[in-house]
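Please open the structure in your viewer, keep the sequence panel beside it, and follow the selections below in order.

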Amino acid sequence: MELVSLHTLARTEEGRPLWLTYKLLCRQGRYGILCYLEGVDPVRHPHSAAAIEDLCSSRREAERLLRRLAQRAVTPQHLPDLIWEM
């Protein structure tokens, strides 16, 4: 179940806009995060979306992490590596 969504605008190396969406998910009392690139087909571009489930037991902690990811414009391909550093 989706609880919260955040959106941010990043720029590619060429300066083109890159819209990122972050969603806070809840499953059986545990919280996770979904991150994806807006307008990109995940079937054709499998690295355009990433989800990490069962990440936090506290909604407050998960929302804080979600905001930090959005502020830093973390892309889906980097989410699995960076989430543990935050």
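Begin with the lining of the largest pocket, which by class has two nonpolar, two polar and three charged residues. To display this lining in the predicted model, select Arg11, Thr12, Glu13, Arg16, Leu18, Leu37 and Thr75. The pocket that these residues line has a volume of about 160 Å³.

From Arg11 and Leu18 in that selection, go on to the strands themselves by selecting residues 2-11 as strand E1 and residues 17-27 as strand E2, which run antiparallel and are joined by nine bridges. To see one place where the two strands face each other, pick Ser5 and then Lys23 in E2, which stands opposite Ser5. E1 and E2 form a hairpin with five residues between them, and if you select Gly15 in the turn, you will find a positive phi of about 90° there.

Next, keep E2 on display and add residues 30-37, which are strand E3; eight bridges join E2 to E3, and these two strands run antiparallel. Here the pair to pick is Leu25 and Gly32 in E3, which stand opposite one another.

Now widen the selection to the whole sheet, which is open, has four strands in the order E1-E2-E3-E4, and is paired in antiparallel fashion. Its edge strands are E1 and strand E4 (49-56), each of which pairs on one side only. Looking across this sheet, you can compare neighbouring strands, which are turned by 15° against each other on average, with direction ignored.

With the sheet in place, show the full chain as a cartoon and trace it from the N terminus, where the elements follow one another as β-β-β-β-α-α, giving two helices and four strands in the protein.

Then colour the model by pLDDT, for which the protein has a mean of 91, with 99% of its residues reaching 70 or more. Which elements have the lowest and the highest mean pLDDT? Select residues 79-82 for helix H2, which has the lowest mean at 86, and then return to E3, which has the highest at 95. Where pLDDT is low, the predicted coordinates should not be read in detail.

Finally, hide the side chains and view the C-alpha trace alone, which spans about 40 × 25 × 20 Å along its principal axes. The protein has a radius of gyration of 13 Å, which agrees with a compact globule, because with 86 residues such a globule would have a value near 12 Å.

Terms used. Residues numbered from 1 in each chain as written. Predicted model: local features only at pLDDT ≥ 70, side-chain atom pairs only at ≥ 80, totals over all residues. Heavy atoms only, no water. Pairing = 2+ DSSP bridges. Axes fitted to C-alpha atoms, helices over the stretch in contact; angles between N-to-C directions. pLDDT = per-residue confidence, 0-100. 1 Å grid on protein atoms, 1.4 Å probe; cavity = no way out; pocket = protein on both sides within 12 Å on 5 of 7 lines; lining within 4 Å. Points joined across faces, edges and corners; volume = space filled by probe spheres on them. Nonpolar A, V, L, I, M, F, W, Y, C, P; charged D, E, K, R; others polar. Rg over C-alpha atoms; globule rule 2.2 N^0.38 Å.
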